[in-house]
Amino acid sequence: MSRGLKRFFIVCAAAAGIGLILAAAGFVSGGIGAFDRVADRYDWISGSPGEMKYEDVEHAADFDSIRIRGDMDVRIRSGKHDSVKIGYGENMKAPAVKFSDGVLTVDGTDRHKGITINLTSSNYEPVIEVICSSDRTLNAINIETENGDVEITDMHAGSIAVESEYGELCMNAVTFDRGSFDVENGDIECSDIVSSGMSIENEYGDCSLSGELSGNNEISMENGSLQIYTSLSENQYRTSARTESGALCIGNYYNDDFECSFDGGSGPNKLNLSSEYGDVKVNFDCGRTGSRAGASGSGTKAGSDSHGGMKHQEHGSEH
């Protein structure tokens with residue numbers, strides 16, 4: 001390395017070290033507020049989110065469908081009165097809310113895209129809370145979020161579609177005709193649901209479903225386990241299930257070989273299930289809340305010695 005190049009790197013290292021010292025000194029003298037004041041002057045930098053603030057949105061009942069986009073937590077539930085409330089850090093931009101042609105639209109995509117320096121312990125993502133009166137049935141709920149959890153409780157809807165990159169999807173006591181759920185990194189937990197058909201894709205996370213599951217159900221898992229507790233009996237389904245690396249338990253059938261498969265039944269409803277790395281378990285004749293009291297699955301492949309004995313008993317206790 002030439003002498004001039006060495007001097008260049010020495011100067012760069014010295015400048016970086018001085019910058020870190022000055023930054024630390026600035027933080028000590030000015031604290032978090034100093035960074036926030038800098039963020040107020042420049043569009044390409046943002047500071048701490050500040051305290052959480054909440055706002056009620058007017059004309060909350062003027063919608064029969066919900067469309068939500070952007071990074072935020074989403075909570076939709078039933079209540080005594082219709083209302084819409086948004087929450088966000090006081091230093092951040094609030095999600096845009098509007099009502100048009102019967103659709104409540106919440107847009108949080110116009111967020112800061114530059115550098116964020118948050119030296120506080122708070123990391124407030126915006127939150128939207130929608131409460132619908134218990135006698136209402138929405139036509140559609142459509143949610144797309146990159147970072148945020150989605151909770152839907154005690155609701156009726158024609159269709160529900162959720163796309164999430166990083167976040168959990170939880171539904172409880174929800175009735176819908178058709179569901180489409182695509183989660184890249186997060187768990188899916190649906191309890192006490194009544195569904196006429198679902199399409200689910202989950203890349204990294206577990207999936208647990210319980211309730212009355214009818215119609216066509218296409219569920220694909222990549223890295224996670226799938227558990228289903230359905231109130232319908234096994235003879236109400238045509239079931240096709242596959243695992244590449246994981247145990248397969250469909251009613252009384254059990255197999256934990258590599259690349260397991262199961263095809264059976266001739267009922268009017270369909271379960272098409274697959275998992276690359278994870279278990280697939282289906283219990284029939286369960287209560288809608290997912291009670292295991294009626295769960296089957298204490299057996300193994302009939303006449304199989306390789307899956308009997310202790311393996312058989314372990315499967316029964318798990319299932």
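# A walk through a strand-rich chain

Start by selecting Cys132: this cysteine is buried, with a relative accessible area of 0%. Jump next to Cys260, which also counts as buried, at 2% relative accessibility. How many disulfides does a search of the whole structure find? The search comes back with 0, so there are no sulfur pairs within the 2.5 Å cut-off to draw. Keep in mind as you click around that this is a predicted model.

**Zoom out**

Show the whole protein chain as a cartoon. The secondary structure adds up to 2 helices and 21 strands. Switch on a surface if you like: the chain exposes about 16,400 Å², and carbon and sulfur atoms supply 47% of that. Of the 319 residues, 40% are buried. If you draw a contact map, take the contacts with a separation of 6 or more: 53% of them are between residues 24 or more positions apart.

**Colour by confidence**

Now colour the chain by pLDDT. The mean is 79, and 69% of the residues reach 70 or more. Select residues 27–32, where the pLDDT is below 50; beyond near neighbours in sequence, this stretch has 8 contacts in the model. Then select residues 291–319. Here too the pLDDT stays under 50, and the model has 52 contacts beyond four places in sequence for this segment. How should you treat such places? Where pLDDT is low, the predicted coordinates should not be read in detail. You might fade both selections before going on.

**Strand 3 and what follows it**

Bring up Arg69 and Glu144 as sticks. They form a salt bridge, with the closest N and O atoms 3.5 Å apart. Glu144 sits in strand 10 (residues 138–147) and Arg69 in strand 3, so this pair ties together parts that are 75 residues apart in sequence. Which of the two is buried, and which is partly exposed? Arg69 is the buried one, with a relative accessible area of 13%, while Glu144 is partly exposed at 33%.

Stay here and add Asp71, in the loop between strand 3 (65–70) and strand 4 (73–79). What does the side chain of Asp71 reach? Draw a distance to the backbone nitrogen of Glu146 and you should read 3.4 Å. A second one, to the backbone nitrogen of Asn147, comes out at 3.3 Å. Glu146 and Asn147 fall within strand 10, residues 138–147, so the Asp71 loop and the Arg69 pair can be looked at in one view.

**Two more salt bridges**

The count of salt bridges for the model comes to 4. For another of them, select Asp82 and Arg136, whose side chains meet at 2.9 Å, N to O. This pair also links distant parts of the chain: Asp82 is in the loop between strand 4 and strand 5 (83–89), Arg136 is in the loop between strand 9 (127–133) and strand 10, and 54 residues separate them. Asp82 counts as partly exposed, at 25% relative accessibility, whereas Arg136 is buried, at 17%.

Move on to Glu218 and Lys270, a salt bridge at 3.3 Å, N to O. Glu218 belongs to strand 14 (residues 207–223) and Lys270 to strand 20 (residues 269–277), a link between distant parts of the chain, 52 residues apart. Buried or partly exposed? Glu218 is partly exposed, with a relative accessible area of 30%, and Lys270 is partly exposed as well, at 26%.

**Two aspartates with positive phi**

Finish with a look at backbone torsions. Pick Asp101, in the loop between strand 6 (96–100) and strand 7 (103–108). Its phi is near 50°, a positive value in a residue other than glycine. With the surface on, you'll find Asp101 exposed, at 76% relative accessibility.

Now go to Asp192. Where does Asp192 lie? It is in strand 13 (residues 188–204). Asp192 has a positive phi of about 55°, although it is not a glycine. In contrast to the exposed Asp101, Asp192 counts as buried, at 17% relative accessibility. Flip between these two residues as the last stop: Asp101 in a loop, Asp192 in a strand.

Definitions and conventions. Residues numbered from 1 in each chain as written. Predicted model: local features only at pLDDT ≥ 70, side-chain atom pairs only at ≥ 80, totals over all residues. Heavy atoms only, no water. Helix = DSSP H or I, 4+ residues; strand = E, 2+ residues; numbered from the N terminus. Polar contact = N/O pair within 3.5 Å; in protein donor to acceptor, adjacent residues only side chain to side chain. Buried < 20%, exposed > 50% of the residue type's maximum accessible area, 1.4 Å probe, protein only. Contact = heavy atoms within 4.5 Å. Areas by Shrake-Rupley, 256 points an atom, 1.4 Å probe, with all protein chains shown as cover. pLDDT = per-residue confidence, 0-100.
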